[in-house]
Amino acid sequence: MNDSTLTQTDLIKRPIQGFTTQEMALLQDLLDREKYDYTADESFLAPKAEKLIFDPAKDLPEIDASWYRPLLDSLTSHAREEHTGKHLVLTAAQEQVIFLRFNYCRFRVAELLGTLGRRRPTPAKARKILDWHNRAMQLRHQIAEVNVALVMAMAKRTRAEDMEFADMLGEGNMALLRAVDKFDVSRGFKFSTYACRAILKAFGRQGMKQTKYRQNNPVHFDPEMERVNPNDIRDQTERSDGSAEVRTIMVQNLARLSPLE
């Protein structure tokens, strides 16, 4: 069978020369998808679209969201309130640029995948697919980093009793990424407006799940359990088990000791 007629599922068994195992796994995942989503824009079909959309003059300033990452580890009220990291807020024009670039990269991936059918990609086409997908994911990450403060703001505003703050941040971050994937910048709205609604809806859904779970699995508070130290329980169990084992060895003389011993 010719390489060009191999199905996509053969990629892992017969990798393309020059590609790493990780790249082949990613390529396999992309080829197995029924659809590669993107938000269309008429500018994608214009002559020299890539050159216009990726004009260096329109590049965004460097984004710094380093202040947010330590909060995911500590999550103390002190850390939440006293961060000093600078946060970049995009203008409407800057949002237009970055979302057009993000969706143009996804458009190129979808276009390349559409030309394959169920055929095995050539090394050149496989490299193009991976390159455009990686560029799309970098832009997706960049958009999320710019707007990650929205998750913090919505979590502090909501503070649902049935959800831990860390769980809210995790759920909010996932909602933020889904919002990035679905946002249509051509409608003229700011991304923050769309994302905040998506994040609050995610909090609401998660809160309902938590409430339903607790209703189905009630746990009553026991003051005695509150004062129990798990380490003490473990040590006591180990001592008890050890004493029982020594007693068995002595009574049954499993160690074959002499009367004097």
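Visitor: Which helix holds Ala110?

Guide: In this predicted model, Ala110 lies in helix 5, which spans residues 92–114.

Visitor: Is Ala110 buried or exposed?

Guide: The reading rests on relative accessible area, with buried meaning under 20%. Ala110 has a value of 19%, so Ala110 counts as buried.

Visitor: Which residues are in contact with Ala110, leaving aside its neighbours within four places in sequence?

Guide: With those neighbours set aside, the contacts of Ala110 are Tyr36 and Tyr38. In sequence, Ala110 and Tyr38 are 72 residues apart, while their C-alpha atoms are 7.9 Å apart in space.

Visitor: Where is Thr39 found, and is Thr39 buried or exposed?

Guide: Thr39 sits in the loop between helix 1 and helix 2. Its relative accessible area is 15%, so Thr39 is buried. Not counting residues up to four places away in sequence, Thr39 touches Phe44, Asn103, Arg106, Asp181, Lys182, Phe183 and Asp184.

Visitor: What is the phi of Lys48, and where is the place of Lys48?

Guide: Phi of Lys48 is near 55 degrees, and this positive value occurs in a residue other than glycine. Lys48 is in the loop that runs between helix 1 (21–32) and helix 2 (49–53). For accessibility, the cut-off for exposed is over 50%. Lys48 has a relative accessible area of 64% and is therefore exposed.

Visitor: How should a nonpolar core be read, and which residues of the largest nonpolar core touch the most other members?

Guide: In soluble globular proteins, nonpolar side chains tend to be buried together. Here the largest nonpolar core has 57 residues, and those touching the most other members are Leu27, Phe99, Tyr104, Ile129 and Phe191. Two or more residues of this core come from each of helix 1, helix 2, helix 5, helix 6 (123–158), helix 7 (165–182) and helix 8 (191–216). Helix 6 gives the largest share, 14 residues.

Visitor: Which residues are in contact with Ile129, again leaving aside its neighbours within four places in sequence?

Guide: Ile129 is in contact with Leu27, Leu30, Val109, Leu112, Leu113 and Leu116. Of these, Leu27 is also listed among the core residues that touch the most other members.

Visitor: How many disulfides does the count come to?

Guide: A disulfide is a covalent bond between the sulfur atoms of two cysteines. The test used is a pair of cysteine sulfur atoms within 2.5 Å, and the count comes to 0 disulfides.

Visitor: Are Cys105 and Cys196 buried or exposed?

Guide: Cys105 is buried, with a relative accessible area of 0%. Cys196, at 17% relative accessibility, also counts as buried.

Technical notes:
Residues numbered from 1 in each chain as written. Predicted model: local features only at pLDDT ≥ 70, side-chain atom pairs only at ≥ 80, totals over all residues. Heavy atoms only, no water. Helix = DSSP H or I, 4+ residues; strand = E, 2+ residues; numbered from the N terminus. Buried < 20%, exposed > 50% of the residue type's maximum accessible area, 1.4 Å probe, protein only. Contact = heavy atoms within 4.5 Å. Core = buried A, V, L, I, M, F, W, Y, C linked by side-chain atoms within 4.5 Å.
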